[in-house]
Amino acid sequence: MNIRVTVWNEFRHEKQNAQVASIYPEGIHQAIASYLGTLEGMEVRTATLDEPEHGLTDEVLDSTDVLLWWGHIAHGEVRDDIAEKVRDRVLDGMGLIVLHSGHASKVFERLLGTKTGTLKWRDDGERERVWVIEHGHPIAEGLGDYFEIPKEEMYGERFEIPAPDELVFISWFEGGEVFRSGCCYRRGKGKLFYFRPGHETFPIYHQPEVLKVIGNGVHWAAPTVGASSLAGRVAPLEPIGKPKASAVN
């Protein structure tokens, strides 16, 4: 069965900044979607902020197994009801991958319950070394001990998030800071992966290792097929109040 993927992007920097437009002429969402579309077993669509309902209609979300989220300058423009709808879909089993500055999005904050926009940052284009600290994790499949990004925006601790269920990557930056860059969570029936790299003024989503991680993340976050659990008042599995059989001498 194919994994149905929706790549969401606010799609503002690419329209307002010539440097970003030169790197991603069709948008960050299209760069990611184009790569995912080359992988076997994935059906990929995109959605952006300025589409009706931000491109996240009930029909789109009902046919999405994994949603990718990139946002930065327009977090406040995301409608509260749509952010809540996405949150509910994750709790019901949809996978979510939050990229880079999406850490400050309404969706991420509501799922984690903390001020996830709180961290240190510096956009000086310094080298980032992404260390793999869980080599057995499926998101790290195909990677070595680390990979490097030549120029990136720095994020530094303290990152105001709950302790991840699984921490796959830690980043070191040329200026000396470190950051939890690959964080996995389970929320309700859904799986959530935060992946830090992706500043818009650098060609991060053209780098093979970064795209490899995103592809691995989609496979990891895809819903698990299994028996559904019931909620509310249910019938007992065993008789209640039935006398126990007498022991035989």
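In S4, the residue that bridges to Val-66 is Gly-95. In this predicted model, that pair belongs to a set of five bridges joining S3 to strand S4 (residues 95–99), with the two strands running parallel. On the S1 side the picture is much alike: five bridges join S1 to S3, again in parallel. Here Asn-9 finds its bridge partner in S3 at Trp-70. So what becomes of S3 (residues 66–70) itself, enclosed or not enclosed? Five of its five residues are buried, so strand S3 is largely enclosed by the rest of the structure. In a regular strand, side chains alternate between the two faces of the sheet. For S3, both of those faces turn out to be covered. Val-66, Leu-68 and Trp-70 are buried on one side, while Leu-67 and Trp-69 are buried on the other.

Asn-9 turns up again in the surroundings of His-29, a residue of helix H3 (residues 28–36). Setting aside neighbours within four places in sequence, His-29 is in contact with Val-7, Asn-9, Phe-11, Thr-46 and Thr-48. With a relative accessible area of 4%, His-29 is buried; the cut-off for that label is under 20%.

Helix H7 (residues 208–221) brings in Gly-215, which at 2% relative accessibility counts as buried too. What does Gly-215 touch, not counting residues up to four places away in sequence? The list is Tyr-35, Leu-36, Leu-39 and Met-42. There is also a long jump along the chain to consider here: Gly-215 and Ile-32 are 183 residues apart in sequence, and their C-alpha atoms are separated by 9.3 Å.

Zooming out, the chain holds seven helices and nine strands. Its C-alpha trace spans about 85 × 40 × 35 Å along the principal axes. Of the 249 residues, 50% are buried. The contacts lean on distant parts of the sequence: taking those with a separation of 6 or more, 71% are between residues 24 or more positions apart. The accessible surface comes to about 12,300 Å², and carbon and sulfur atoms supply 50% of that area.

Then there are the charges. The chain carries 27 positive and 38 negative ones, and the mean positions of the two sets are 7 Å apart. Side chains of opposite charge can pair when their charged atoms come close. How many salt bridges does the model hold? The count comes to 23.

One of them pairs Asp-50 with Arg-12, where the closest N and O atoms are 2.6 Å apart. Asp-50 sits in the loop between strand S2 (42–48) and helix H4 (58–62), and Arg-12 in the loop between strand S1 (3–9) and helix H1 (13–16), so this salt bridge ties together parts that are 38 residues apart in sequence. The two ends sit in rather unlike settings: Asp-50 is partly exposed at 47% relative accessibility, whereas Arg-12 is buried at 13%.

Glu-84 and Arg-110 make another salt bridge, at 2.8 Å from N to O. Why does this pair count as a tie between separate parts of the chain? Glu-84 lies in helix H5 (residues 80–91) and Arg-110 in helix H6 (residues 106–112), so the pair links parts that are 26 residues apart in sequence. Both ends are partly exposed, Glu-84 at 29% relative accessibility and Arg-110 at 30%.

A further salt bridge joins Arg-158 to Glu-160, with the closest N and O atoms 3.9 Å apart; the cut-off is 4 Å. Arg-158 is partly exposed at 47% relative accessibility, and Glu-160 is partly exposed at 28%. Elsewhere, salt bridges that share partners build up a network, and the Glu-84 and Arg-110 pair from above belongs to it. Which residues does that network join? They are Asp-80, Glu-84, Arg-87, Asp-88, Lys-106 and Arg-110.

How values were computed: Residues numbered from 1 in each chain as written. Predicted model: local features only at pLDDT ≥ 70, side-chain atom pairs only at ≥ 80, totals over all residues. Heavy atoms only, no water. Salt bridge = Lys/Arg side-chain N within 4 Å of Asp/Glu carboxyl O. Helix = DSSP H or I, 4+ residues; strand = E, 2+ residues; numbered from the N terminus. Buried < 20%, exposed > 50% of the residue type's maximum accessible area, 1.4 Å probe, protein only. Contact = heavy atoms within 4.5 Å. Areas by Shrake-Rupley, 256 points an atom, 1.4 Å probe, with all protein chains shown as cover. Lys, Arg positive; Asp, Glu negative; His and termini not counted. Charge placed at Lys NZ, Arg CZ, Asp CG, Glu CD. Pairing = 2+ DSSP bridges.
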